[in-house]
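The following note is offered to a colleague who is meeting this structure for the first time. Please read the numbered points with the model in view.

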Amino acid sequence: MTPLLRYYVALLIGSHRWLPPTLVYAAFVAIGIRAGDPVLDGLGYAAAPLLPVAAWLVRAGVTAEPPAARACTAAAAGPGRAHLAAVLAATLAATVLGVLGTAFTALVSDPRSADHRIAVPLGPAVLAGALTALCCVLLGTAVGALANRPVLHSPGWAIPTGALAALMLLVAAGSPANAAVSGLVTGSSHGTVTVPWLPLGAAALIAVAAVGAACVLSSRRT
């Protein structure tokens, strides 16, 4: 699996399809997070856009390979394993963005509550922010897996469906991403840190189910 993952990482990098979502995320973080802002608010702000960015990167990963090359890879490694490697390469790229965004936010933000009166422990805050970012990456991976081939082939359906699903997962009250980000914002107002273990576990289960279903469907349609 490792050589296959390396192949898709190199393919994603070489295709330059990672560049637009990366630039969008970088601009979002650079414009929205200012030095001296409350750290928990900033971490939530840096984590939320990773959901649509991860979905975008998954689309870039699973569509980067030309059809002929995709057929050769599927014949050599199996269509399910090849599709899984493409999705994992995109998830890895989104995770790297999450690490960079979390680190940047921790460096420039003020480790205090929203009113700057209560000190917030930086270590637990960064842990909560990193896990919130990972939660958003996993849900974005799930969206990307279900909103692209082999589930949806037409860009006319795949792109708006993925965008709408990503938006709904950010704003819906029962969403793990919404719960994790809201936990950071609520904690900022009280100066407390809540580590989003439960939302992260739910996001991981959703991602595993979505990616697994896409890989099984890829095997059946190839």
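1. In which helix is the place of Arg-6? Arg-6 sits in helix H1, where helices (H or I, at least four residues) and strands (E, at least two) are DSSP runs numbered from the N terminus. With a relative accessible area of 62%, Arg-6 is exposed; the word buried is kept for values under 20%, exposed for values over 50%, and partly exposed for those in between, with a 1.4 Å probe and protein chains only. Between the C-alpha atoms of Arg-6 and Leu-138 there are 20 Å, and along the chain the two are 132 residues apart.

2. On the basis of the work: this is a predicted model, in which local features need pLDDT of at least 70 and side-chain atom pairs count only at pLDDT 80 or more, while totals for chains, interfaces and linings use all residues. Residues are numbered from 1 along each chain as its sequence is written, and side-chain values use heavy atoms, with hydrogens and water left out.

3. On the overall fold: the protein contains ten helices and zero strands. Its pattern along the sequence is accordingly written α-α-α-α-α-α-α-α-α-α.

4. On dimensions: the C-alpha trace spans about 60 × 30 × 30 Å along its principal axes. The radius of gyration is 18 Å, which agrees with the value near 17 Å for a compact globule of 222 residues. This radius is taken over C-alpha atoms, and the globule rule is 2.2 Å times the number of residues to the power 0.38.

5. On packing and surface: 45% of the 222 residues count as buried. Among contacts (heavy atoms within 4.5 Å) between residues at least 6 apart in sequence, 85% join residues at least 24 apart. The accessible surface comes to about 10200 Å², and carbon and sulfur atoms account for 74% of that surface. These areas come from the Shrake-Rupley method with a 1.4 Å probe; for residues, only the protein chains shown count as cover.

6. On charge: there are 11 positive and 5 negative side chains, and 21 Å lie between the centres of the two sets. Lys and Arg count as positive and Asp and Glu as negative, whereas His and the chain ends are not counted. Each charge is placed at NZ of Lys, CZ of Arg, CG of Asp or CD of Glu.

7. On aromatic pairs: how many does the structure hold? There are two, under the rule that rings of Phe, Tyr and Trp (its six-membered ring) pair if their centres lie within 6.5 Å, with planes under 30 degrees apart counted as stacked, over 60 as edge-to-face and the rest as tilted. Tyr-7 and Tyr-8 are paired edge-to-face, at 5.0 Å centre to centre and 70° between the planes. Tyr-7 is partly exposed at 33% relative accessibility, whereas Tyr-8 is buried at 4%. Phe-28 and Tyr-45 form a stacked pair, with 4.5 Å between centres and 20° between planes. This pair links distant parts of the chain, 17 residues apart, as Phe-28 belongs to helix H2 (residues 19–32) and Tyr-45 to helix H3 (residues 39–47). Phe-28 has a relative accessibility of 33% and is partly exposed; Tyr-45, with a relative accessible area of 33%, is partly exposed.

8. On two buried helical residues: Val-53 is located in helix H4 (residues 50–63) and is buried because its relative accessible area is 4%. Residues up to four places away in sequence aside, Val-53 touches Pro-21, Tyr-25 and Leu-97. Its C-alpha atom is separated by 25 Å from that of Val-193, 140 residues apart along the chain. Thr-91 lies in helix H6 (residues 79–108) and is buried at 13%. Beyond its neighbours within four places in sequence, Thr-91 is in contact with Val-137 and Thr-141.

9. On backbone geometry in the loops: a cis peptide bond, with omega about 10°, joins Arg-149 and Pro-150. Pro-150 belongs to the loop between helix H7 (122–146) and helix H8 (155–171). His-16, which is not a glycine, has a positive phi of about 65° and occupies the loop between helix H1 (2–15) and H2. His-116 also has a positive phi, near 65°, in a residue other than glycine. The position of His-116 is in the loop between H6 and H7, and this residue is partly exposed at 36%.
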